[in-house]
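Please open the model in a viewer and keep the selection tool at hand. The stops below proceed from one selection to the next.

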Amino acid sequence: MTKMFINMKIRRVYDDIKRNISKGCKASENPRVPVIILSGGVWAFNQVGKSLQDWFDMDPEVSADYVIEVNKKVRSDLIWCAGGCNNLVLRGLGAKTEFGEPGKAAEVLEPLIQSPSEVDRLSIDKMKQDPGILAMLECTKILKKKIGDETMLAVSQWGPLTLASLLLGTRKFMRSMVKDKEGIKYVMEFTQQLVYEYWKMFLDAGVSHVSQAEPVASGDMIGLKMFEEMALPGMIKTNEMIGDRPFSKMIHICGNTMPFLDLLPETGADMISMDWKVDFSVVREKLGGKMAFAGKMDPAAVMLLGDTKKVRDDCIDCIEKAQWEKGGFILMPGCDLPPRVPLENLETMVDTAYSYTQEI
């Protein structure tokens with residue numbers, strides 16, 4: 001296979017995905033509903049009784065082959081490199097973290113700094129030497145070599161607001177957002193750079209799609225005014241910093257994002273990933289033609305606890321309320337997968353996306 005042919009194939013695959021996250025996308029231009037598994041690192045390795053730390057410790061060739069084999073089963077249109085590993089940047093800075101138990105999401109066990117000024121002692125260069133990050137980069141390079149001509153690779157990192165919260169601890173952070181806004185903004189200057197540098201490493205390794213996850217920006221945690229003043233500028237800045245280097249950019253916000261719909265296109269992202277609490281009929285009205293949107297399969301009540309009929313019925317409901325025929329929509333779980341989601345439920349979600357256009 002010549003290099004020119006490989007590059008043409010990559011372009012066709014990427015264009016297929018890009019059409020679905022572009023402002024003017026029309027469903028008629030695509031053969032089926034696009035579908036993505038969000039993150040899924042803990043879920044994938046839990047299938048064989050492995051933890052995230054086990055993933056870091058594996059030979060990168062072995063871990064890359066396992067990621068490939070898992071995706072052959074679930075057939076996501078995009079593979080997340082280092083899925084579920086966002087806290088590695090905090091470990092690299094010196095935070096006490098936990099990655100060691102199979103089926104358990106990574107945790108930050110205690111705040112790394114006690115006041116905004118302490119962020120000055122943190123080193124991004126030190127973060128880049130974390131063994132887990134280095135292992136994930138090697139795995140990404142192998143994935144790029146083995147499947148980069150047929151599958152789009154992506155990476156996610158916490159957004160600047162959420163990283164600041166994890167550095168300071170949630171309780172202190174939430175108080176400081178009211179009482180010391182300038183201090184929080186100072187910390188976020190650092191966390192914006194942190195996201196940027198992490199993304200750059202994975203772009204160098206072969207990913208084409210970047211995402212920032214901002215659960216702290218949920219409408220369940222902050223109001224519209226705080227979102228506009230504290231969360232939105234960080235999202236905008238990181239997307240501006242990385243520029244056009246990624247093929248596409250995404251933001252994921254957990255919980256209720258309905259109060260912020262009008263502001264989301266200002267983030268500079270191509271796509272917003274949304275949780276199960278949103279109303280896709282309203283989302284279509286507010287965001288259609290401005291940015292693509294993805295979601296919103298309930299990761300717990302449907303993907304984890306539902307049977308395959310429940311999964312299929314909810315997928316169809318989600319597709320129809322999103323008005324997929326107008327384009328700019330991707331079917332996706334509303335958040336990261338719980339570790340014990342049955343494989344058959346993921347397969348049903350993807351099968352429904354693949355077959356939907358043949359059924360209507």
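**The largest pocket**

Begin by selecting Asn-86, Trp-158, Pro-215, Cys-335 and Asp-336, which lie nearest the centre of the largest pocket, among the 34 residues that line it. The model is a predicted one. The space in this pocket comes to about 630 Å³. To see which elements contribute, colour β1, β3 (107-108), β4, α8, β5 and β6; each of these supplies at least two residues of the lining. What is the chemical character of the residues lining the largest pocket? They divide into 21 nonpolar, 11 polar and two charged residues.

**The sheet**

Next, display the strands as a cartoon. Seven strands form an open sheet in the order β1-β4-β5-β6-β7-β8-β9, and their pairing is parallel. Select β1 and β9 (329-333) at the edges: each has a single partner strand, so one side of each is left without a neighbour in the sheet. From one strand to the next, the twist averages 25 degrees.

For a view of one pairing, select β6 (residues 248-253) together with β7 (residues 271-274). These two strands pair in the parallel sense over four bridges. Which residue of β7 stands opposite Met-250? Label Met-271, which is that residue.

**Helices on the sheet**

Now add helix α7 (residues 131-147), which packs on the sheet and touches β1 and β4 (152-158). The direction of α7 makes about 155 degrees with that of β4. Then select helix α8 (residues 160-168), which lies across β4 and β5 (209-213). Relative to β4, helix α8 runs at about 45 degrees. Helix α8 was also among the elements coloured at the pocket, where it supplies at least two lining residues.

**The largest cavity**

Finally, turn to enclosed space. How many cavities of 30 Å³ or more does the count give? The count comes to one, and the largest cavity holds about 190 Å³ of space. Select Ser-39, Gly-40, Ala-44, Val-67 and Val-70, the closest to the centre of this cavity among its 17 lining residues. Colour α2 (41-46), α4 (60-74) and β1 (78-81) as well, since each supplies at least two residues of the lining. Strand β1 is thus a useful selection to retain, as it supplies at least two residues to the cavity lining and at least two to the lining of the largest pocket. By class, the cavity lining divides into 11 nonpolar residues, six polar and no charged.

Definitions and conventions: Residues numbered from 1 in each chain as written. Predicted model: local features only at pLDDT ≥ 70, side-chain atom pairs only at ≥ 80, totals over all residues. Heavy atoms only, no water. 1 Å grid on protein atoms, 1.4 Å probe; cavity = no way out; pocket = protein on both sides within 12 Å on 5 of 7 lines; lining within 4 Å. Points joined across faces, edges and corners; volume = space filled by probe spheres on them. Nonpolar A, V, L, I, M, F, W, Y, C, P; charged D, E, K, R; others polar. Pairing = 2+ DSSP bridges. Axes fitted to C-alpha atoms, helices over the stretch in contact; angles between N-to-C directions. Contact = heavy atoms within 4.5 Å.
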